[in-house]
Amino acid sequence: MDDFNRGDVFPNDPEPDWESPSFERQRHLLIALFPEPEVQTAIEAHRKDWIWPKGHYFPRGPRLHLTLHCFGDQPKAVEKQLCEALAQVRVQPMNLVLDSSRTWRNDIAVLQPAEHGALRTLHADIGRAVQKAGIVTETPTFTPHITIARRTEGAAYPMSLPPIPWRVRKFLLVRSFTSHPVEHQVLGTYEADEEDSV
């Protein structure tokens with residue numbers, strides 16, 4: 001849901017006062033990998049090879065991401081502790097390859113990377129940092145993916161996908177607003193401290 005701008009959610013009402021204290025936007029915290037523009041472009045080109053049903057939704061290129069951890073918004077003090085804990089996570093550059101796409105039962109279409117041990121290590125290390133900050137989260141099975149479309153019932157995807165190389169050098173902590181105006185607010189950027197590829 002945080003992937004998509006579903007348009008004007010107040011089609012018959014006056015423009016809301018977004019700054020009003022009484023207006024509360026839905027939001028959560030997201031730790032994720034965000035593809036660079038050239039990878040976004042390759043993903044958008046791949047989407048053109050699908051047959052999409054009427055009413056499907058595409059995320060915009062800058063909002064494409066691979067979620068590592070996601071949980072509810074936190075008080076400022078906890079957010080500060082989280083930023084400090086994430087700063088201790090070692091980040092190595094990774095050469096991921098997006099090499100498969102499909103639809104899932106919840107009517108989303110995804111693009112998935114080939115299995116990569118360093119990606120799973122990063123996910124686990126970030127999970128420990130989240131716990132260190134005192135944040136309790138659910139621990140679902142980690143299935144790395146980028147959501148490329150929603151409301152995809154009846155979509156047909158190509159039998160083959162030219163591999164999309166993705167050089168990962170950082171992860172981001174963002175506050176994701178999932179109600180209008182939809183946006184990602186970057187709270188922290190955590191970059192690789194060396195150039196040894198894994």
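**Exercise 1. Start from a polar contact, then place its residue.**

A polar contact of 2.9 Å joins the side chains of Ser101 and His46. Which element holds Ser101, is Ser101 buried or exposed, and which residues does Ser101 touch?

Solution.
- A polar contact is a pair of N or O atoms within 3.5 Å; within protein, one must be able to donate a hydrogen and the other to accept it, and residues adjacent in sequence count only if both atoms are side-chain atoms.
- The model is predicted: local features need pLDDT of at least 70, side-chain atom pairs count only at pLDDT 80 or more, and totals for chains, interfaces and linings use all residues. Residues are numbered from 1 along each chain as its sequence is written, and side-chain values use heavy atoms, with hydrogens and water left out.
- Ser101 sits in strand 3. Helices (H or I, at least four residues) and strands (E, at least two) are DSSP runs, numbered from the N terminus.
- Ser101 counts as buried because its relative accessibility is 8%. Buried means under 20% relative accessible area, exposed over 50%, partly exposed in between (1.4 Å probe, protein chains only).
- Leaving out residues up to four places away in sequence, Ser101 touches His46, Trp50, Val110, Leu111, Tyr157 and Leu161. Contact means heavy atoms within 4.5 Å.

**Exercise 2. Describe the whole chain.**

How many helices and strands does the protein chain have, and in what order do the elements run?

Solution.
- The protein chain has 3 helices and 8 strands.
- From the N terminus on, the order is β-α-β-α-β-β-α-β-β-β-β.
- Of its 198 residues, 44% count as buried.
- Take contacts between residues at least 6 apart in sequence: 81% of them join residues at least 24 apart.

**Exercise 3. Find the buried side of helix 1.**

Which residues of helix 1 (residues 37-47) are buried, and what do they pack against?

Solution.
- Val39, Gln40, Ile43, His46 and Arg47 are the buried residues of helix 1.
- They cover an arc of only 120 degrees around the axis, which puts them on the same side of helix 1. The arc is that of the directions from the helix axis to the C-beta atoms.
- An α-helix has 3.6 residues a turn, so residues three or four places apart point the same way.
- The buried residues of helix 1 pack against strand 3 (94-103), strand 4 (108-113), strand 5 (146-150) and strand 6.

**Exercise 4. Do the same for helix 2.**

Which residues of helix 2 are buried, and which exposed residues does the face turned away from the buried side carry?

Solution.
- Val78, Glu79, Leu82, Ala85 and Leu86 are buried in helix 2.
- These buried residues fall within an arc of 125 degrees down the helix 2 axis, so they line one face of the helix.
- The face turned away from the buried side of helix 2 carries the exposed residues Lys76, Ala77 and Lys80.
- The cover over the buried residues of helix 2 includes strand 1 (27-33), strand 2 (66-72), helix 3 (117-132), strand 7 (170-177) and strand 8 (183-191).

**Exercise 5. Trace two buried residues.**

Where does Val89 lie, where does Pro113 lie, and which residues do Val89 and Pro113 touch?

Solution.
- Val89 is in the loop between helix 2 (76-86) and strand 3. Val89 is buried, with a relative accessible area of 10%.
- Val89 and Arg128 are 39 residues apart along the chain, and their C-alpha atoms are separated by 9.2 Å.
- Not counting residues up to four places away in sequence, Val89 touches Leu122, Asp125, Ile126, Ala129 and Phe171.
- Pro113 is in strand 4. Its relative accessible area is 13%, so Pro113 is buried.
- With the same exclusion of residues up to four places away in sequence, Pro113 touches Leu66, Val97, Leu98, Asp99, Leu119, Pro144 and His145.

**Exercise 6. Check two backbone angles.**

What are the phi values of Asp107 and Arg151, and where are Asp107 and Arg151 found?

Solution.
- Most residues other than glycine have a negative phi.
- Asp107 has a positive phi, near 60 degrees. Asp107 lies in the loop between strand 3 and strand 4 and is partly exposed, at 30% relative accessibility.
- Arg151 has a positive phi of about 55 degrees. Arg151 is in the loop between strand 5 and strand 6 and is partly exposed, at 48% relative accessibility.
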